[in-house]
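Q: I should like to learn how to read the features of a protein model. Could we go through them in turn, with the structure in view?

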Amino acid sequence: MISVEHLSKRYGRHAAVDDVSFRCEPGTVTGFLGPNGAGKSTTMRMICGLTPPTAGRATVAGRRYRDLPNPGREVGVLLDASAQHAGRTGREALAVAASTMGLDRREVAAKLDLVGLDAAAAKRRVRAYSLGMRQRLGIALALLGDPRVLILDEPANGLDPEGIFWMRGLLRDFADRGGTVLLSSHLLREVEAVADRLVVIGGGRIVAQGDKSELLAGGGTLVRARDTGALRRALDAAGLAARDSADGLLVPAETEAVGQAAADAGVALAELRPADGRLEQLFLTLTAESTKETGK
Amino acid sequence: MTTTTAPAATTVEPGRRPGVRRPSLLRLTGVELRKLTDTRAGLWLLVTIGLTTAVIVTLQLVYADAEDQTYASFFVPSLLPVGLLLPVLGILSITAEWSQRTALVTYALVPRRERVIVAKLAAVVLAALASVLTSLAVAAIGTLVSGATGGAGRWEFDEALLLNAIVFQVANVLMGAGFGLLLLNTPLAIVAYLLLPTVWSIVGELVPALHRPAGWLDTGRTMEPLFSTSLDADQWARLGVSLLVWLVVPIVVGVIRTLRREVA
């Protein structure tokens, strides 16, 4: 379990993280979402005791991170896959960590196997690793001590589509077995597939948090037919208000009701899907703002 | 990989977790010793330190007067070049964590940073002691060869020399580590370590008003007696004061800086 209470971090006059609070419960995957520079990494570093907070506190498994006797056995951390000694082999990087935690050496081979780094890859120096391989090594490092909590900063960066699919399965499985996962991303689609809960941060402040289904719902239904006029009449007849959007008609109702209305009127549909919810809109606005700011 | 899991791993949260104990300082020192040797750069530095000793002894076998080829005379000259390389080892052991950004992993695993620093200092001190043992061993080989090839090959050795050598090399490696802790940047620490004491020596020579303080603060001068015989009280005092300035102060300030620094 992770608990973050009123965490703030100021650099001079700039508030990188401003009064951030959230909780991650066992058995859930929490997606920590925000555009680049929103304060995700700083928040995660504060949770892990690497950045001293200006105010507030964070606990993992009920204790401050620095009070955990052997943190690697309780919290798996991947904050930056590139933060490995370029001159060490992948196996040696894990062996050093295993030795620090007091783990059996067999764990190293087991975790290398788990993340799909074969014997040849394990013997190579990290300098020669692709970003995807470094992410896999970082995930192996996070899992090395068989922790109950995972804190991963942009773990999908550099992974190929197959790798992203694999990682989702791994994290889902970890949470389903009772683990707590906090993973950050600047891409909504990336965490949408695996997260149960979402915490959205922008400009250092939390702008939305809650269950994924709640946050993503409420956008209504997007429907499209070749004969738009007939579709509009069918929706009118069913008492559903429709308005035009760029992709078709936007209806403030469930997809089932819209589909039924069209079927009743015998209108053939070309597309029927939940429209982007307010979270998508919010996220687009945040991203646009941060792009504007960095462009200044 | 698919989501197949071993039956034993059905839950992430078992009731009791064995081994969730704090890693001991002994364990951490072992880890830091391992880090000194597990990269090419580190390994070659250690190999170079060993080879330097061998080269110096070989040169003496070839060029020194036969009469002067004693155990002590093989041992002492090998200390100086090694004493130049050991600080680099001390610097790298500290600064590599920051230049390679492994500090992010190291301090996530051991959030009590002072424990990592103590382990690092212990590891480099052990390396310095090992270098003295190497010097002793290579000097012994030199003495044997000298005896067999018509040199003096006498086993003359003042025990005070061994103590002096240990003080010299341990101080050297810790001064390097201190500069590393203070500056947390490899090139900056190496340049500062090589330059500052030298500049200070030159300034101390040039400025008459600094002659007296230089006798207490210039490690080049306070360490010199270590190569001859046992030191008297005044010499030890001068050595202690100079090491306070060049060793203790950088380590203390550097530890404070490392404890407070943001790891990113």
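A: Certainly. This is a predicted model, and we may begin with a single helix. In helix α9 (residues 228–237) of chain A, the buried residues are Leu231(A), Ala234(A) and Leu235(A). Viewed down the axis of α9(A), these buried residues fall within an arc of 95°, so they line one face of the helix.

Q: Why do residues three or four places apart point the same way in an α-helix?

A: The general idea is that an α-helix has 3.6 residues a turn, so residues at that spacing point the same way. On α9(A), the face turned away from the buried side carries the exposed residues Gly229(A) and Ala237(A).

Q: Against which elements do the buried residues of α9(A) pack?

A: They pack against β10 (221–225), β12 (248–251) and α10 (255–264), which belong to chain A. After α9(A) comes Gly239(A), with a positive phi near 75°.

Q: How many residues of α2(A) are buried?

A: Of the 12 residues of α2(A), 10 are buried, so this helix is largely enclosed by the rest of the structure. Among them are Glu92(A), Leu94(A), Ala97(A) and Thr100(A). Helix α2 covers residues 90–101 of chain A and reaches 17 Å from its first C-alpha to its last, close to the 16 Å expected at 1.5 Å a residue. Just after α2(A), Gly102(A) has a positive phi of about 75°.

Q: Which elements do the buried residues of α2(A) pack against?

A: They pack against elements of both chains. In chain A these are α3 (106–114), α4 (119–123) and α5 (131–143), and in chain B they are α1 (25–37) and α4 (103–109).

Q: How should one read a nonpolar core, and which residues have the most contacts inside the largest one?

A: In soluble globular proteins, nonpolar side chains tend to be buried together. In this model the largest nonpolar core has 133 residues, and those with the most contacts inside it are Ile47(A), Leu94(A), Ala97(A), Leu141(A) and Ile151(A). Its largest share, 13 residues, comes from helix α3 (residues 71–99) of chain B. Apart from this core lies another, of 13 residues, which includes Leu222(A), Val223(A), Ala234(A) and Ala262(A).

Q: With which residues is Leu141(A) in contact, leaving aside its neighbours within four places in sequence?

A: Leu141(A) is in contact with Leu78(A), Ala93(A), Leu94(A) and Ala97(A), and also with Val105(B).

Q: How is the contact between the two chains described, and how many residues of each chain take part?

A: The size of an interface is often given as the accessible area lost when the parts come together. Here we count residues instead: 42 residues of chain A are in contact with 38 residues of chain B. On the side of chain A that touches chain B, α2 and α6 (161–176) each supply at least two residues. The largest share of that side, 6 residues, comes from α2(A). By type, the residues of this side divide into 18 nonpolar, 14 polar and 10 charged.

Q: How many helices and strands are there in each chain?

A: Chain A has 11 helices and 13 strands, whereas chain B has 10 helices and 0 strands. Along its principal axes, the C-alpha trace spans about 70 × 45 × 40 Å in chain A and about 75 × 55 × 30 Å in chain B. Buried residues make up 47% of the 296 residues in chain A, while 39% of the 264 residues of chain B count as buried.

Q: What does the domain assignment give for chain A?

A: The assignment gives domain 1 (2–216) and domain 2 (221–275). The C-alpha centres of these two domains of chain A lie 42 Å apart.

Q: Is Arg63(A) buried or exposed?

A: One counts the C-beta neighbours inside 10 Å: Arg63(A) has 12, and therefore counts as exposed. Arg63(A) lies in the loop between β4 (55–60) and β5 (75–78) of chain A. By contrast, Ala109(A) lies in helix α3 of chain A and is partly exposed, with 14 other C-beta atoms within 10 Å.

Q: What separates the C-alpha atoms of Ala109(A) and Leu144(A)?

A: They are separated by 9.9 Å, and the two residues are 35 apart along the chain. For Arg63(A) and Pro52(A), 11 residues apart along the chain, the separation of the C-alpha atoms is 16 Å.

Methods
Residues are numbered from 1 along each chain as its sequence is written. Chains are lettered from A and ligands numbered from 1 in the order in which they are written. This is a predicted model: local features need pLDDT of at least 70, side-chain atom pairs count only at pLDDT 80 or more; totals for chains, interfaces and linings use all residues. Helices (H or I, at least four residues) and strands (E, at least two) are DSSP runs, numbered from the N terminus. The expected span of a helix is 1.5 Å times one less than its number of residues. A residue is buried if 20 or more other C-beta atoms lie within 10 Å of its own, exposed if 12 or fewer, and partly exposed in between; C-beta atoms are placed from the backbone. Two residues are in contact if their C-beta atoms, placed from the backbone, lie within 7 Å. A nonpolar core is a set of buried Ala, Val, Leu, Ile, Met, Phe, Trp, Tyr and Cys residues joined through C-beta atoms within 7 Å. Ala, Val, Leu, Ile, Met, Phe, Trp, Tyr, Cys and Pro count as nonpolar, Asp, Glu, Lys and Arg as charged, and the others, Gly among them, as polar. Domain bounds come from an automatic or database domain assignment. The arc is that of the directions from the helix axis to the C-beta atoms.
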